[in-house]
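Good morning, and thank you for coming. I would like to introduce a structure that is new to this group, beginning with its overall form and then turning to its backbone.

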Amino acid sequence: MNRRTVLLFPALAVILLAPLLTAQQLGPADRQLARSIFQEVIEINSSDSVGSTTLVAEAMRKRLLDAGFPAADLVILGPTARKGNLIVRYRGRPGSTLKPILIIGHTDVVEARREDWTTDPFKFIEKDGYFYGRGTQDMKDSDAIIVTDFIRLKKDAYVPDRDIILALTADEEGGKSNGVDWLLRNHHDLIDAEFVLNPDAGGVDLDNGKPVGMDVEATEKLYADFEITATNPGGHSSLPVPDNAIYHVANALVRLERSPFPFELNAVTRAYLEEMAKLVLAKAADIHAILQTPADTAAEARLATDPTYNAIFRTTCVATMLKGGHAPNALPAMAQANVNCRILPGHSQEEIRKKLIAIFADPSLVVKYKTDAGEVFDVAPDRKALPPPPVRADVVESLKQVVAQIFPGIPIIPEMESGASDSIYTMAAGIPSYGISGVGIDRNDFRAHGKDERLRTESFYTGVQFYYLYLKALTAK
């Protein structure tokens with residue numbers, strides 16, 4: 001999900017005051033509609049291994065057909081039967097010369113095993129004020145929200161000043177058929193737009209359910225996987241030798257764990273921390289200390305014990321998969337690990353591959369780059385994270401207006417997404433992309449990709465109202 005710089009968005013980092021508009025102002029029919037759509041998408045398994053994004057696309061197409069959308073404006077396309085992408089065009093004012101707004105939302109989810117969860121990850125369960133299920137935080141909540149709001153706008157006979165396009169896509173979380181990339185390469189005309197809204201980034205920070213800040217993604221880290229391999233002749237396990245492939249890989253991973261990448265701030269993360277110092281008073285002194293030049297290393301070390309801050313400060317690389325050996329009574333002839341890196345802007349994937357080689361300091365190890373499609377290459381690309389998009393007055397002013405209505409008194413905060421999103425494809429295609437979401441998640445309850453993923457029920461309904469008002473604010477001219 002996996003969330004600007006002060007230089008780019010000086011108007012955003014302000015305190016906003018206005019009467020509160022709560023999710024309870026959604027009528028009962030709208031709440032029921034939103035909940036039923038959310039349940040439907042959660043209970044469709046769309047993981048890469050056995051699931052299907054096409055089933056999600058077909059289900060949402062039927063919802064929109066039933067709501068009166070023309071069939072010609074609801075197109076499902078994809079490279080394979082299981083990797084369908086739904087492109088929805090909400091028609092704007094006839095004769096408008098404004099280019100469309102594109103909203104992107106991936107419908108695939110990370111793998112989830114029933115034995116790891118307290119509940120069935122592919123059953124939509126509401127209990128104790130939360131919705132449970134794989135995708136409730138990342139990002140089927142936003143998929144359901146946009147579909148719901150398209151239906152609400154249609155029911156209201158609302159005519160925007162331009163077309164609004166929704167692309168519900170495959171394989172953001174992995175797999176060989178990333179939907180945004182595929183559509184840009186094969187059907188660019190269907191999703192060509194003036195700018196992109198990506199609710200997979202940004203969002204509302206909650207402290208025990210209380211909104212404290214609206215994050216707007218201005219930039220994001222660059223994603224990369226690296227395959228670490230050790231090989232040797234193997235042999236009988238009764239004759240152990242020090243040249244053990246598993247030991248080579250294990251020792252390398254221990255060195256990686258003990259070798260954090262350097263502390264580094266940029267304009268976006270500095271702006272974010274300046275706002276955090278106003279909100280998290282217990283850590284304000286340490287935050288101010290690391291914003292100095294040079295940064296206070298002791299303060300940095302204390303803050304880095306919080307994984308959220310650590311991910312802001314540095315490139316992170318972590319082992320995520322490990323395999324090795326071929327028999328319980330034989331020395332391993334091969335051992336292999338996957339190291340997943342989230343790379344700070346300004347650094348390339350190949351630079352980090354070389355840095356890993358230096359950290360491992362073991363010439364017997366082979367370090368290769370692995371693509372999202374699983375292809376393995378000796379050398380990684382020199383690609384770096386793209387710079388933040390330019391400011392748009394309509395995006396900023398509309399956001400200020402809606403945040404003031406729904407979340408009065410909270411600041412709008414620029415942030416760097418510590419993960420990665422499909423905005424990398426739209427930005428590379430020259431379409432400015434903004435990570436904006438109205439869904440709130442407690443800072444200490446981030447469960448995307450993890451066990452018992454869940455979302456506060458009122459956060460979901462508030463998110464429904466947020467995007468309904470935001471799309472109107474953007475297009476009611």
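**Overall form and notable backbone positions**

I begin with charge: the protein carries 52 positive and 62 negative side chains, and the centres of these two sets lie 1 Å apart. Please bear in mind that this is a predicted model.

As to the fold, the protein contains 14 helices and 20 strands. Its C-alpha atoms fill a box of roughly 75 × 55 × 45 Å along the principal axes. A compact globule of 477 residues would have a radius of gyration near 23 Å, and the protein, at 23 Å, agrees with that. Of the 477 residues, 55% are buried. The protein exposes about 19,700 Å², and carbon and sulfur atoms supply 56% of that area.

I turn now to the backbone. Most peptide bonds are trans, and most residues other than glycine have a negative phi. Where, then, do we find cis bonds here? One joins Asp 138 to Met 139, with omega near -20°; Met 139 sits in the loop between β5 (130-132) and α3 (140-155). Another joins Thr 293 to Pro 294, with omega near 0°, and Pro 294 lies in the loop between α8 (284-290) and α9 (297-304).

Two residues deserve mention for their phi. Asp 128, not a glycine, has a positive phi of about 55°. Asp 128 belongs to the loop between β4 (125-127) and β5, and it counts as exposed because its relative accessibility is 69%, over the 50% cut-off. His 449, also not a glycine, has a positive phi of about 75°. This histidine is in the loop between β19 (440-442) and β20 (454-456). Is His 449 buried, partly exposed or exposed? With a relative accessible area of 34%, His 449 is partly exposed.

Notes: Residues numbered from 1 in each chain as written. Predicted model: local features only at pLDDT ≥ 70, side-chain atom pairs only at ≥ 80, totals over all residues. Heavy atoms only, no water. Helix = DSSP H or I, 4+ residues; strand = E, 2+ residues; numbered from the N terminus. Rg over C-alpha atoms; globule rule 2.2 N^0.38 Å. Buried < 20%, exposed > 50% of the residue type's maximum accessible area, 1.4 Å probe, protein only. Areas by Shrake-Rupley, 256 points an atom, 1.4 Å probe, with all protein chains shown as cover. Lys, Arg positive; Asp, Glu negative; His and termini not counted. Charge placed at Lys NZ, Arg CZ, Asp CG, Glu CD.
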